Amino acid sequence: MPKIIGGSLAEHRERTRAALFAALSELMTERGFDAISLADIAGRAGVGRTAVYNHFPDKESLLLAFIEHETSSYVRSLESSLGEVAEPVEQLRVYVRQQLALAPSYHFAPGPDLREVVSHGAARDLRAHVRQVESLLRNILTRAIEAGAIPAQDLDAVVPLVHACLSGRRGPQEEPGRSAFIAATEEFVLRAVGATVAGPAALRSAEAEVA
């Protein structure tokens with residue numbers, strides 16, 4: 001009988017799933033989803049190969065469970081951050097910053113796009129997780145339009161465009177490059193949706209007035 005991790009079977013299952021998720025994330029960052037096997041994941045997680053099948057029937061099922069876990073955690077965190085800001089344009093800034101702060105996970109994995117290496121059903125499920133996040137962006141932009149902060153626009157087209165701009169962007173990880181990268185991306189997205197943004201010249205003028 002395999003050794004139980006933790007004080008109960010439920011805790012054992014939770015810790016095993018967490019170890020498998022962590023191993024999958026690491027290996028996807030290193031090699032890409034198509035280049036790893038369940039045996040690779042089990043080995044990295046320190047879990048017996050046969051024990052993996054007690055949790056997931058195949059690699060694709062593990063991937064979908066991992067993304068569901070990551071998406072749910074991210075959406076909760078993002079909703080909490082957005083709840084601290086009332087003005088929709090400022091909420092959009094928060095949204096951009098948190099999208100750029102996402103850990104590599106599956107966004108920057110080497111190899112083909114995940115949708116190209118999973119089944120049609122899995123690709124559909126991946127898209128559903130993206131829509132959970134996109135719905136928050138759509139709500140922010142809708143509120144901004146209603147408040148007159150940005151012009152009316154086709155959100156069916158704009159929301160995917162903003163996401164395409166933010167997904168897969170891995171800027172500098174060290175300061176001051178990191179802050180400059182985030183600020184430039186924020187300004188680009190705000191200008192793209194028609195929000196009024198103080199450019200460098202305006203900022204210098206304001207600073208001069210204060211001085």
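Me: What makes the meeting of the side chains of arginine 15 and glutamate 11 a salt bridge?

Reply: In this predicted model, the side chains of arginine 15 and glutamate 11 come to 2.7 Å, N to O. A salt bridge asks for a side-chain nitrogen of Lys or Arg within 4 Å of a carboxyl oxygen of Asp or Glu, and therefore the pair with its 2.7 Å qualifies. Both residues lie in helix H1, which covers residues 9-30, and they are four residues apart, about one turn of the helix.

Me: Why is arginine 15 called partly exposed, and what is said of glutamate 11?

Reply: Partly exposed covers the range between buried, under 20%, and exposed, over 50%. Arginine 15 has a relative accessibility of 44%, so it falls in that range, and glutamate 11, at 29%, is partly exposed as well.

Me: How do you know that glutamate 30 forms a salt bridge with arginine 44?

Reply: The closest N and O atoms of glutamate 30 and arginine 44 are 3.1 Å apart, and since the cut-off is 4 Å, the name applies. This pair links distant parts of the chain, with glutamate 30 in helix H1 and arginine 44 in helix H2 (residues 38-45), 14 residues apart. Glutamate 30 has 47% relative accessibility and therefore counts as partly exposed, while arginine 44, with 35%, is also partly exposed.

Me: What makes glutamate 186 and arginine 97 a salt bridge?

Reply: Their side chains meet at 2.6 Å, N to O, which again satisfies the requirement of being within 4 Å. Here too the pair links distant parts of the chain, with glutamate 186 in helix H9 and arginine 97 in helix H5, 89 residues apart. Salt bridges that share partners join Glu90, Arg93, Arg97 and Glu186 into one network. A search of the whole structure finds 10 salt bridges.

Me: Is glutamate 186 buried or exposed, and how do you know?

Reply: Glutamate 186 has a relative accessible area of 6%, and because buried means under 20%, glutamate 186 is buried. Its partner arginine 97, at 38%, counts as partly exposed.

Me: How do you know whether arginine 178 has a salt bridge?

Reply: Arginine 178, found in helix H9, is buried yet has no salt bridge. The nearest side chain of opposite charge is that of glutamate 175, at 6.0 Å, and because a salt bridge needs a distance within 4 Å, this pair does not qualify. The side chain of arginine 178 does, however, reach the backbone oxygen of leucine 100 at 2.9 Å. If residues up to four places away in sequence are not counted, arginine 178 touches Leu100, Ala101, Gly171, Pro172 and Gln173.

Me: What kind of peptide bond joins glutamate 175 and proline 176, and what is its omega?

Reply: The bond between glutamate 175 and proline 176 is a cis peptide bond, with omega at about 5 degrees. Proline 176 is found in the loop between H8 and H9.

Me: Why is alanine 183 called partly exposed?

Reply: Alanine 183 has 42% relative accessibility, and because this lies between the limits of 20% and 50%, the residue counts as partly exposed. Its place is in helix H9, and although alanine 183 and valine 96 are 87 residues apart in sequence, they are 9.6 Å apart in space, C-alpha to C-alpha.

Me: Which residues have the most contacts inside the largest nonpolar core?

Reply: They are Leu92, Tyr95 and Leu141, in a core of 30 residues. Helices H4, H5, H7, H8 and H9 each supply at least two residues of this core. Apart from it lies another core of 27 residues, among them Leu20, Ala23, Leu62 and Phe66. The contacts of leucine 141, not counting residues up to four places away in sequence, include Leu92, Ile150 and Val193.

Me: What helices and strands are in the chain, and what share of its residues is buried?

Reply: The chain has 10 helices and zero strands, and buried residues make up 38% of its 211 residues.

Me: What pLDDT does the chain average?

Reply: The average pLDDT is 84, and 84% of the residues score at least 70. Over residues 200-211, however, the pLDDT is below 50, and this stretch has two contacts in the model beyond near neighbours in sequence.

Conventions:
Residues are numbered from 1 along each chain as its sequence is written. This is a predicted model: local features need pLDDT of at least 70, side-chain atom pairs count only at pLDDT 80 or more; totals for chains, interfaces and linings use all residues. Side-chain values use heavy atoms; hydrogens and water are left out. pLDDT is the predictor's confidence in each residue, from 0 to 100. Contact means heavy atoms within 4.5 Å. A nonpolar core is a set of buried Ala, Val, Leu, Ile, Met, Phe, Trp, Tyr and Cys residues joined through side-chain atoms within 4.5 Å. Buried means under 20% relative accessible area, exposed over 50%, partly exposed in between (1.4 Å probe, protein chains only). Lys and Arg count as positive and Asp and Glu as negative; His and the chain ends are not counted. A polar contact is a pair of N or O atoms within 3.5 Å; within protein, one must be able to donate a hydrogen and the other to accept it, and residues adjacent in sequence count only if both atoms are side-chain atoms.
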